[in-house]
Structure formats: C-alpha cells, structure tokens
Amino acid sequence: MIRFMQEKDFEAVLKLETALFPSPWHRQMWESEWKDNAFAQIYVLETDARICGYIDFWITFETAQLARIAVASDVQGHGLGSQLMDFMIEECERAMCENISLEVRVDNQAAIALYERYGFIRAACRKGYYEDGSDGHLMIKPLGGNYV
C-alpha cells in the first residue's frame, strides 16, 4: 500500500535512508521537507505493516522533480520501485505536469536502468553534483502536460 508519509514514519524512513544512500538526508532535512516544503509529495510503501520504501517528489506548477526514491535492500527486485515510479508518474500526469526531472549518480546503474525503462533520457551531466564530489546525470521524462 502506498500512502502519505506521517510523522510516525520518520524512524523507518531514516533507517532506510541511512542504509541505502552514501549521502543520506538527516532527520532535520526530512522534517523540513515534510513540514515546510509545500511542493513535496512524500509517500511510503508499506507491506505487512512494514515500511519498505518511500518516494519524495515535488510538483511545482507544470514540472515535477523526483527528490528521493528508495526500496529496502532485502525486497529490491520485487517490483516495489516500479510501484513507486508508476504512482509518481500517475500523480504527475493527474497534475498535468509537462515533465519529470531527477538527478542520479553516474555509477548507479540499477537506478539509471529503472529510469530509462520509464522513458527518462539523460539530458546533462552535473559535475561534482553530490556532497562527495560524485557526478550526477540530469534525467528528464516528457509527459505532455497541457498545463494551463
């Protein structure tokens, strides 16, 4: 089940975040994102009363930006990342977004393959984009939009 993230979900999300990302967002970043970012759409994926994934994307008028997506390592490869991507794309289409953009580490081949399966194209390389100096690909998926 995919549902809005609630305050009670912070610990589970932080645990996943720390386990899965080389530069994880800390608690204050997540709290600010959840409380203060009016554009943020933050959802968790829950199975058997366990949060095993989450997605954070921003809808700002005619565009969307994927900020974070994660699936617990022990359930990767079971289609949960695809469920989260499908959900985000449907929400963005419903909001009449013209495109979705994201950044991904150039060495994250599994994520790049997922995004390319969804029609994202590599638009640019952002040199030194990440805190540790790693480069990132800017990827964009056109949706069509018709934003009025």
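In what order do the seven strands of the open sheet lie? In this predicted model, the order is β1-β2-β3-β4-β5-β7-β6, and the pairing is mixed. The edges of the sheet are formed by β1 (2-4) and β6 (121-126), each of which pairs on one side only. Averaged over neighbouring strands and with direction ignored, the turn of one strand against the next is 30°.

Within this sheet, β2 and β3 are joined by eight bridges in the antiparallel sense. Y43 stands opposite I55, a residue of β3. The loop between β2 and β3 contains D48 and also A49. Most residues other than glycine have a negative phi. D48, however, has a positive phi near 50°, and the phi of A49 is likewise positive, near 65°. D48 has a relative accessibility of 80% and therefore counts as exposed. A49 is exposed as well, with a relative accessible area of 74%.

Helix α4 lies across β4, β5, β6 and β7 (136-142). With respect to β5, the helix runs at about 165°. One residue of α4 is A111. The relative accessible area of A111 is 14%, so this residue is buried, given that the cut-off for burial is under 20%. A111 and A70 are separated by 41 residues in sequence, while their C-alpha atoms are 9.9 Å apart in space.

In soluble globular proteins, nonpolar side chains tend to be buried together. The largest nonpolar core of the model has 44 residues. Those with the most contacts inside this core are L66, M85, M88, Y115 and F120. At least two core residues come from each of α1 (10-20), β2 (40-47), β3 (50-60), β4 (63-71), α3 (80-94), β5 (99-105) and α4 (109-117). The most is given by α3, which supplies seven residues. For M88, the residues touched include I55, F57 and L66; I100 and F120 are also touched by M88, and residues up to four places away in sequence are not counted here.

Helix α3 itself has 15 residues. The distance from its first C-alpha to its last is 21 Å, close to the 21 Å expected at 1.5 Å a residue. The buried residues in α3 include L80, G81, L84, M85 and F87. M88, I89, E91 and C92 are also buried in this helix. Just after α3, M96 takes a positive phi of about 65°.

A further buried position is found in helix α1, which contains E17. The relative accessibility of E17 is 0%, and the residue therefore counts as buried. A polar atom of the E17 side chain lies 2.8 Å from the backbone nitrogen of W25. When residues up to four places away in sequence are left out, E17 touches P24, W25, W30, Y54 and R68. W25 thus appears both in the list of residues touched by E17 and in the 2.8 Å pair with its side chain.

Notes
Residues are numbered from 1 along each chain as its sequence is written. This is a predicted model: local features need pLDDT of at least 70, side-chain atom pairs count only at pLDDT 80 or more; totals for chains, interfaces and linings use all residues. Side-chain values use heavy atoms; hydrogens and water are left out. A nonpolar core is a set of buried Ala, Val, Leu, Ile, Met, Phe, Trp, Tyr and Cys residues joined through side-chain atoms within 4.5 Å. Buried means under 20% relative accessible area, exposed over 50%, partly exposed in between (1.4 Å probe, protein chains only). Helices (H or I, at least four residues) and strands (E, at least two) are DSSP runs, numbered from the N terminus. Contact means heavy atoms within 4.5 Å. Two strands pair if DSSP finds at least two bridges between them. Axes are lines fitted to C-alpha atoms, for helices over the stretch in contact, and angles run from 0 to 180 degrees between N-to-C directions. The expected span of a helix is 1.5 Å times one less than its number of residues. A polar contact is a pair of N or O atoms within 3.5 Å; within protein, one must be able to donate a hydrogen and the other to accept it, and residues adjacent in sequence count only if both atoms are side-chain atoms.
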